[in-house]
Amino acid sequence: MRRIKKAAVLGSGVMGSQIACHFANIGLDVLLLDIVPRELTPDEQAKGLTLENKNVRNRIVNTALQNAIKMNPAPLYDKKFAGRIKTGNFEDDMHLIKDYDWVIEVVIERLDIKKTVFDQVEKFRTPGTLITSNTSGIPIEQMLEGRSEDFQAHFCGTHFFNPPRYLRLLEIIPSTKTKPEIVDFFMDYGSRFLGKTTVLCKDTPAFIANRIGVYSIQALFHGVRDLGLTVEEIDKLTGSVMGRPKSATFRTADVVGLDTLVNVANGLKANLPNDEAKHLFELPDFLQKMVENKWLGSKTKQGFYKKMPDGEIYSLDLNTLEYVPQKKVKFATLEMAKQEDNLAKRTKILFNGPDSAGEFYRKSFANLFQYVSNRVPEITEDIYKVDDALKAGFGWSMGPFISWDAIGVKAGVAKMEELGVKPAQWVYDMLAAGIETFYKLENGVEKYYDLATKSYKTIPGREAFIILDNIRESKKVWGNAGSTLHDLGDGVLNLEFHTKMNSLGGEVLMGINKAIDIAENGDYRGLVLGNNGDNFSAGANLAMVLMLAADQEWDELNFAIKAFQNTVMRVRYSGIPVVVAPQGLTLGGGCELCLHADAVVAAAETYIGLVEVGVGVIPGGGGTKEFALRASDAMGPEDIRIPTIKDKFLTIGQAKVATSAYEAYGLGIFRPGQDKVVVNLDRRLEEAKQEVIRLADAGYTQKPQRTDIMVLGREGLGVVYAGANAMLSGHYISEHDVLVSQKLGYVLCGGDLSERTLVSEQYLLDLEREAFLSLLGTRKTLERIQHTLKTGKPLRN
C-alpha cells in the first residue's frame with residue numbers, strides 16, 4: 001500500500017532535471033536540488049549580489065531546470081506542469097527531504113561524490129522512505145559502505161534512459177541488502193505510474209541494456225572498415241529496415257555524443273577483464289582521433305556527419321578522416337527487404353541476402369547472438385529481460401533473441417558455426433532437447449525458454465497488457481484487407497487498422513461500421529478502436545483523394561466524404577459505447593474519430609491534431625462541425641462568444657498538433673472528465689476495454705443527434721474575414737490561405753446567417769463537406785497535396 005506523492009531529485013544535470021520533469025508529468029510534487037555556486041557570474045557582480053543571495057545560491061539548479069523546460073523534444077507533457085517542481089540547494093534545503101517519499105540521486109558518476117551526497121541524505125531522510133541512485137554503471141553494492149541498515153534495506157538502483165520522458169526503459173538494480181518488497185514495488189510503480197518497461201537487472205557492469213547496446217555499437221565501430229562499408233551505408237543497413245531507430249548507428253552516436261559513448265566503453269573495458277569481447281571496448285584509432293579533435297557529434301557540430309556551408313550533409317571517410325559527399329546507398333538485399341512489411345520475415349530476408357549487405361547482416365547477427373547468449377545467466381537469468389531492455393532502452397523493435405527466433409535458432413547456429421563463432425552451451429542443450437525457439441505462443445499467452453527449468457514459462461508482468469499479435473488468430477471475429485475485429489473478452493470487441501500508417505480509406509470505414517453492427521446485434525457490451533503499433537492513424541488516404549480530385553470525380557468524392565462523416569457520426573450515435581485508444585500520430589481523420597468517441601483513452605505520447613489546413617483544405621470528416629459544436633457548448637456570457645470561436649478557428653487554422661495527450665486538453669480535442677490519459681502505452685487497450693465495460697454497465701443508451709448548436713453567422717464571419725485579410729496584408733499567409741481561412745470560418749460560424757441561430761449537426765456537416773469539396777477544386781490545394789505526398793511536408797503556396 002506504499003504511495004508516492006512527493007519525490008526529491010538530487011542533482012539537476014541533464015538527467016536530473018528531466019527526471020524531475022517526468023515525475024511532474026505524472027502528478028508528483030517534486031523537489032530538485034543541486035550544489036551552491038562557488039563564485040559570482042559577471043551579471044551577478046554587476047547587480048551587486050553576493051554568494052549569500054538566494055537567487056545566486058539556487059542559480060545552478062534554476063538554470064538547469066529552465067534549460068530542460070526549453071528542450072526540444074520537451075521533457076514535460078505540458079509546460080504548466082513545471083509548477084509542480086520546487087528548486088533548492090544541498091546546503092540550505094537538504095532537510096526538506098524528510099517529507100519526501102522517494103529520494104533519487106542523479107549526481108555525477110563518481111562514487112566519492114555519491115557517497116558524500118548519501119552522507120547528507122542519511123542526516124535528514126525519514127526511515128522507511130525510498131532512496132535510489134540513477135547510476136548507469138557504478139556497482140550498487142559499492143554505494144552501501146557506511147550506510148545505515150534502514151538505508152540499505154530501502155536502497156536500489158533505478159536507471160532511467162535519456163531522454164527519460166521518451167525512452168521507456170527503467171532498470172531496477174537491487175543490492176544484496178535491498179528488501180524484496182522494495183524491488184517488487186519499483187517494478188510495479190515504474191510500469192503503472194511512470195509508464196516504463198521495468199527490467200530487473202543483476203548488479204553487473206552497465207547492467208543489461210548498455211552492456212549489450214554499447215557492445216553492438218563498438219562491434220560496428222571495429223568492423224566497419226573490414227567490411228569496406230561507408231558511414232552512410234552502415235546507417236542505411238542498421239536503421240528502420242532492421243526495426244531500429246531511423247538514426248541507426250553513426251547518427252545516433254552523433255546525437256548521444258561520442259564523449260558519452262567513449263566514457264561508457266572505457267568503463268566497460270575497465271570493469272570487464274574476463275569478457276570475451278573486451279577487445280571491442282577498446283577505441284578504434286579513428287574514434288580516438290575524433291575525440292582528440294573534439295568531433296563529438298551534434299554538440300560540436302561535427303562527428304560522423306557534418307553540415308557544410310552550402311547546407312549539404314557530408315559523412316566522414318573513416319580511412320582519411322575527411323568529410324565527403326554521401327553516396328547513394330543501394331543493395332539488392334535492401335531492395336528485397338523493402339517489399340516485406342512484417343519485420344520478422346524481413347529480418348530473415350536480410351540475414352539471407354546474397355550481396356555484401358547480406359554478408360554484413362550474417363556477421364553482425366552471428367556475433368550479437370554469441371554475445372547475448374554468453375551473457376545469460378551472467379547479467380540476467382531470463383532471456384526476455386535482454387529483449388525488453390534493448391527494445392525499451394535502445395528503440396529496437398525486436399530484441400536479439402526475438403530476432404534469432406525470426407531467423408530460426410537452428411539456422412542461426414549453423415551460420416554462426418560457418419563464420420567461426422558459437423553460441424553458449426545452453427543454446428546447444430536447448431536444441432538437443434527438441435526445443436527450437438526461445439519464445440512460443442500458447443493459448444494467447446507468450447512464453448519464454450527458462451534456462452533454470454529447461455522449459456517454457458509465462459512472461460510475468462504482462463497480465464495487464466492486451467497484445468493483439470497474441471490473439472490475432474484465436475480471437476478474430478471479422479476482417480477485411482484494411483482492418484481486423486477481435487474479441488477481447490468480457491463482451492468487448494476491438495477493431496485495429498492495418499493500412500499504411502493506418503490511413504482511413506474505404507476498407508477501414510467499412511470495418512468501423514461492420515464492427516458496430518456486430519457489437520449492436522450480438523451479445524457485446526461495446527467496441528474499442530485501437531492497435532499496438534507506433535501510431536493510431538495518420539488520417540485520410542490522401543493519395544485516393546488526390547486521384548479523385550485530379551480526375552474531377554466530384555460525385556465519387558462527395559460520396560467518399562459523406563461516408564466518412566456518416567461513419568464518425570455512427571461512432572458518436574451507435575447503440576453501444578465506442579472508446580478510441582490513440583497513440584503516436586493521430587492526425588486529421590484519426591483525430592476526428594477521437595472527437596466523436598464516447599470516450600478516449602489516450603497514451604500520454606499521443607500527437608494529435610486537425611492538420612488538413614496544411615494541405616489546403618479544412619477538416620471534412622466531422623472535425624470542423626465538432627469544433628463548432630464544442631464552441632457552442634463553451635459559449636457563456638456575451639463577452640466570451642467571439643473569443644471562443646476565435647480560439648477554435650486558430651486551433652484548426654494553424655494546424656496545431658498537441659505534443660502530448662495532456663496538451664490535447666488545452667486544444668479542446670480531449671474533454672476533461674470524459675477522456676483519460678494512460679502513461680504506460682502497453683496498458684492503453686486494457687484501460688480502454690475497462691472504460692467500455694464501465695460505460696455499458698452504467699446503462700449506456702443511444703443519444704439523438706444534436707439540433708441545438710448555436711452559431712454566430714455574420715457576427716463571427718466579420719471577425720474571421722478581417723483577421724485573415726490582416727494576416728495577408730502583413731505577408732504572413734498567402735491568398736490561398738485566405739481562401740481556406742474563409743471557408744473554415746464559414747463553417748464554424750454556420751454560414752452567412754444574419755443573426756445567431758440554432759442549427760443541427762447535419763446542417764454543419766453539409767456546410768463542411770461543401771467547403772471541403774470546393775477547396776479540392778483549386779489548383780493550389782492539389783499542388784499542396786501532391787507536395788505532401790512526395791515530401792511528407794506541407795507546401796505554402
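This text goes through one helix, one pocket and one cavity of a predicted model.

Helix α6 covers residues 111-124. Its 14 residues, at 1.5 Å a residue, should span 20 Å, and the C-alpha atoms at its ends are 20 Å apart, so the expected and computed lengths agree. The buried residues of α6 are Lys-114, Lys-115, Val-117, Phe-118 and Val-121. Viewed down the axis of α6, these buried residues fall within an arc of 160 degrees, so they line one face of the helix. The general reason for such a pattern is that an α-helix has 3.6 residues a turn, so residues three or four places apart point the same way. The cover over the buried residues of α6 includes the strands β1 (6-10), β4 (102-105), β5 (130-133) and β6 (155-160), together with the helices α5 (90-93) and α7 (149-153).

Next comes the second largest pocket, with about 540 Å³ of space. It is lined by 24 residues, of which Tyr-215, Ala-219, Lys-363, Ser-364 and Asn-367 are the closest to its centre. Two elements, α9 (209-223) and α16 (356-375), each give two or more residues to the lining of this pocket. The largest share, eight residues, comes from α16. By class, the lining has 12 nonpolar, eight polar and four charged residues.

The structure also holds one cavity of 30 Å³ or more. The largest cavity contains about 40 Å³ of space. Its lining consists of Met-242, Arg-244, Thr-347, Leu-350, Phe-365, Met-398 and Ser-403. These lining residues divide into four nonpolar, two polar and one charged.

Definitions and conventions:
Residues are numbered from 1 along each chain as its sequence is written. This is a predicted model: local features need pLDDT of at least 70, side-chain atom pairs count only at pLDDT 80 or more; totals for chains, interfaces and linings use all residues. Side-chain values use heavy atoms; hydrogens and water are left out. On a 1 Å grid over the protein atoms alone, a cavity is a set of points where a 1.4 Å probe fits but cannot get out, and a pocket is an open set with protein on both sides within 12 Å along at least five of seven lines; lining residues have an atom within 4 Å of a point. Grid points are joined across faces, edges and corners, and a volume is the space filled by probe spheres set on the points. Helices (H or I, at least four residues) and strands (E, at least two) are DSSP runs, numbered from the N terminus. Ala, Val, Leu, Ile, Met, Phe, Trp, Tyr, Cys and Pro count as nonpolar, Asp, Glu, Lys and Arg as charged, and the others, Gly among them, as polar. The expected span of a helix is 1.5 Å times one less than its number of residues. Buried means under 20% relative accessible area, exposed over 50%, partly exposed in between (1.4 Å probe, protein chains only). The arc is that of the directions from the helix axis to the C-beta atoms. Contact means heavy atoms within 4.5 Å.
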